[in-house]
Amino acid sequence: MKNPSVLLYRLGNFFYRNNLTFVATLITWLNRFVFAVFVPSSATIGANFRLAYWGLGVVLHTRTVIGDNCLVCQNVTIGRNFGSQGVPRLGNDVYVGAGSAIFGDIVIGDNVIIGANSVVNKDVPSNSVVAGNPFRIIASDRKLKYYELDNPSA
């Protein structure tokens, strides 16, 4: 079954792109009150975006950019830093662990795994695993995507 909070985002984003911002805003707030997830219709999110546990507690900034094949777990915040106007940009095939906070004018590269409860406020290179508060790079030069780790032969 498709995630209903992502389906509501897609519907709201359709209205947002067609300059029906009032309807898009209503759908964003419906998503917030029904599923406890704030994924604004104005955010740019790629194909095959998934929210774990229907996105419970997820908050995204209105200008957040997320690439294709990304998975965001519950209680994640992606937003801007105080005093800064820039917001994070996540690449393709990014996994964001539960309880993480990503903020500031930063770029998260492709094929990155962000561990649970991590605080990320600086750029992360592609093919990395990061974890901690403040984050540090645990591994680099990864070959497999996060969704291939359970079945490497896929």
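Phenylalanine 35 is buried in this predicted model, with a relative accessible area of 17%. Its ring pairs with that of tryptophan 54, and a search of the whole structure finds five aromatic pairs. Other topics below are an open sheet of six strands, a nonpolar patch on the surface and two cysteines, 70 and 73, that are in no disulfide.

**Aromatic pairs**

- Phenylalanine 35 and tryptophan 54 form an edge-to-face pair, with 5.6 Å from centre to centre and 80° between the planes.
- Because phenylalanine 35 lies in helix α2 and tryptophan 54 in the loop between β2 and β3 (59-60), the pair ties together parts that are 19 residues apart in sequence.
- Tryptophan 54 counts as partly exposed, at 42% relative accessibility, whereas phenylalanine 35 is buried.
- The rings of tryptophan 29 and phenylalanine 38 have their centres 5.9 Å apart, and the angle of 55° between their planes makes the pair tilted.
- Is each ring of that tilted pair buried or partly exposed? Tryptophan 29 is partly exposed, with a relative accessible area of 35%, while phenylalanine 38 counts as buried at 19% relative accessibility.
- Trp29 and Phe38 also belong to a cluster with Phe33, linked by ring pairs.

**The sheet**

- The six strands of the open sheet follow the order β2-β5-β8-β11-β13-β14, and their pairing is mixed.
- At the edges stand β2 (50-51) and β14 (136-139); each has a single partner strand, so one side of each is left without a neighbour in the sheet.
- Strands of a sheet pair through backbone hydrogen bonds, in a parallel or an antiparallel manner.
- The pairing of β13 (residues 129-131) with β14 is antiparallel and runs over three bridges.
- Within this pairing, valine 129 has alanine 139 of β14 as its bridge partner, and alanine 131 stands opposite arginine 136 in β14.
- Four residues lie between the strands in the hairpin of β13 and β14, where glycine 132 takes a positive phi near 110°.

**The surface patch**

- Leu20, Phe22, Val23 and Leu26 form a nonpolar patch on the surface, and together they have about 380 Å² of accessible area.
- One member of the patch, leucine 20, is found in the loop between α1 (4-17) and α2 (21-35).
- Leucine 20 is partly exposed, with a relative accessible area of 42%.

**The cysteines**

- How many disulfides does the structure hold? There are zero.
- A disulfide is a covalent bond that joins the sulfur atoms of two cysteines.
- Why is cysteine 70 without such a bond? The closest cysteine sulfur, in cysteine 73, is 12 Å from the sulfur of cysteine 70, which is too far for a bond.
- Cysteine 73 is likewise in no disulfide, and the nearest cysteine sulfur to its own is that of cysteine 70, 12 Å away.
- Cysteine 70 is buried, with a relative accessible area of 0%, and cysteine 73 is buried with a relative accessible area of 7%.

Definitions and conventions. Residues are numbered from 1 along each chain as its sequence is written. This is a predicted model: local features need pLDDT of at least 70, side-chain atom pairs count only at pLDDT 80 or more; totals for chains, interfaces and linings use all residues. Side-chain values use heavy atoms; hydrogens and water are left out. A disulfide is a pair of cysteine sulfur atoms within 2.5 Å. Buried means under 20% relative accessible area, exposed over 50%, partly exposed in between (1.4 Å probe, protein chains only). Two strands pair if DSSP finds at least two bridges between them. Patches are made of residues with over 30% relative accessible area and no salt bridge: like charges are joined within 9 Å, nonpolar side chains (Val, Leu, Ile, Met, Phe, Trp, Tyr) within 5 Å. Accessible areas come from the Shrake-Rupley method with a 1.4 Å probe; for residues, only the protein chains shown count as cover. A salt bridge is a side-chain nitrogen of Lys or Arg within 4 Å of a carboxyl oxygen of Asp or Glu. Rings of Phe, Tyr and Trp (its six-membered ring) pair if their centres lie within 6.5 Å; planes under 30 degrees apart count as stacked, over 60 as edge-to-face and the rest as tilted.
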